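Good morning, colleagues. Please take a moment to look at the sequence and the structure before I begin.

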Amino acid sequence: MTAAFAVKGLRKHYPDFALQDVDLTLPQGQVMGLVGVNGAGKTTLLRLLTGLAAPDAGSIEVLGCRLPDEQVAAKRQLGFASEDMRLYRGQSLDWHIDLVRRIYPEWDDAYARELIARFDLKPAQALGGYSHGQRVKALLLLCLSRRPRLLLLDEPTTGLDPVARAEVLETLCDVLRDEGRSVLFSSHNTHDVERLADSIGFLHQGRLVAHADKERFLDNWRRVLCLGAAPGGLDGWPELVHVRAAGSQVELKVRAWRDDLPQRLSAAGLTVQRVDPMPLEDIFVTAVRAGGAA
Amino acid sequence: MYQQIVDQITARVMAGDWRPGQPLPSIRELAAGSGVSVITVKRAYEELERAGVIVTRHGKGSVVADRPEPARALLEEGLRHHLQEAIAVGARLGLDRAALHQRLDVVLDGNPPTSQSKGSQS
């Protein structure tokens with residue numbers, strides 16, 4: 001089966017930033033969540049995949065089409081939505097729909113009408129009067145109604161109120177009822193990624209520091225609470241990303257978790273009190289503070 | 001997150017809402033319906049299969065297992081886990097076995113814990 005996208009050895013240099021040696025593949029029918037702090041390279045990667053920017057090195061294949069040579073064929077099947085995309089403020093949603101429908105024959109008007117109702121948008125109103133949330137939803141509507149096989153979404157839920165966010169997430173879920181369609185989205189909202197993503201790509205300072213299926217990614221990490229005095233040399237254990245002693249308690253955050261760790265901690269003089277899985281948010285912050293150790 | 005799905009399905013099977021032999025929603029269907037990723041539902045189904053709550057037949061999807069008994073095992077496991085946590089808290093409070101038993105009785109009897117538990121703390 002063709003991958004939704006595959007990039008190899010991808011590099012892109014800007015004066016103050018470089019995306020370096022990214023290898024990444026998204027199988028069809030899957031959702032990948034991109035996490036990383038501002039400036040980690042998420043938007044650059046998305047822009048390269050849309051063909052809006054050209055790489056300095058490496059190869060990009062989108063839905064079986066090589067970029068840039070076959071980008072016209074690729075672009076017909078992919079949908080990109082990002083916050084900084086401009087809509088015409090003086091024109092209505094209906095006017096935009098008409099414009100996009102002329103360009104893309106796959107346009108699904110029934111679905112567009114369904115989304116107008118679900119998103120509670122006024123199609124005849126000039127977009128200059130839309131709120132931020134309404135503009136985001138309008139943009140998604142224009143993108144989704146083309147029924148693209150690959151959706152590239154840059155921060156689709158940022159700045160949305162909880163109701164709008166739920167509407168957008170539910171709509172993304174609907175997309176995935178069809179196993180021929182795939183989604184790559186970036187988000188600061190780790191809860192959204194934890195919920196929706198099949199795999200997680202973690203960018204840090206222009207490098208892909210981790211990429212794994214979500215369950216395995218989360219399974220790799222644990223928070224361990226111990227009683228006792230932290231023995232010297234604990235900092236040198238490669239799997240311990242975070243060690244903090246407070247009174248008689250020691251908190252550890254562990255990557256590359258293995259079941260024999262509690263035993264080894266006991267042997268080092270610590271009494272393990274509890275071992276808990278970590279939410280993605282905690283993993284993300286811990287890994288970034290440790291310099292991208294994921 | 002997969003644990004929530006495991007718990008929900010186990011509860012439905014235990015309550016008899018889902019009968020033995022009844023087909024489960026496809027992984028993709030349940031994922032889209034409950035707003036979680038496909039891989040999370042896949043993991044939940046694997047756990048349920050291991051616990052004997054559901055049976056997966058190749059290419060035919062999953063059905064509720066013939067005997068819902070195994071779902072009990074999963075709940076038993078959950079209970080054991082909660083009790084272990086309670087025991088760990090008890091140990092921190094310095095409670096011995098008898099004191100722990102007494103605390104459990106107090107909760108079971110629905111009595112306010114303060115009036116009866118005072119004596120056992122020494």
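**Strand pairing and nonpolar cores**

In strand 13 of chain A, A:Val254 is the bridge partner of A:Arg222. This is a predicted model, in which local features need pLDDT of at least 70 and side-chain atom pairs count only at pLDDT 80 or more, while totals for chains, interfaces and linings use all residues. Residues are numbered from 1 along each chain as its sequence is written, chains are lettered from A and ligands numbered from 1 in the order in which they are written, and side-chain values use heavy atoms, leaving out hydrogens and water.

Strand 11 (residues 222-227) of chain A runs antiparallel to strand 13 (residues 249-254) of chain A, with 6 bridges joining them. Strands here are DSSP runs of E with at least two residues, and helices are runs of H or I with at least four, numbered from the N terminus; two strands pair if DSSP finds at least two bridges between them. Strand 11 of chain A is also joined by 6 bridges to strand 14 (residues 271-277) of chain A, again antiparallel. There, A:Leu227 has A:Thr271 in strand 14 as its bridge partner.

I turn now to the interior. The largest nonpolar core has 53 residues, and A:Leu93 and A:Phe217 are among those touching the most other members. Such a core is a set of buried Ala, Val, Leu, Ile, Met, Phe, Trp, Tyr and Cys residues joined through side-chain atoms within 4.5 Å, where buried means under 20% relative accessible area, exposed over 50% and partly exposed in between, with a 1.4 Å probe and protein chains only.
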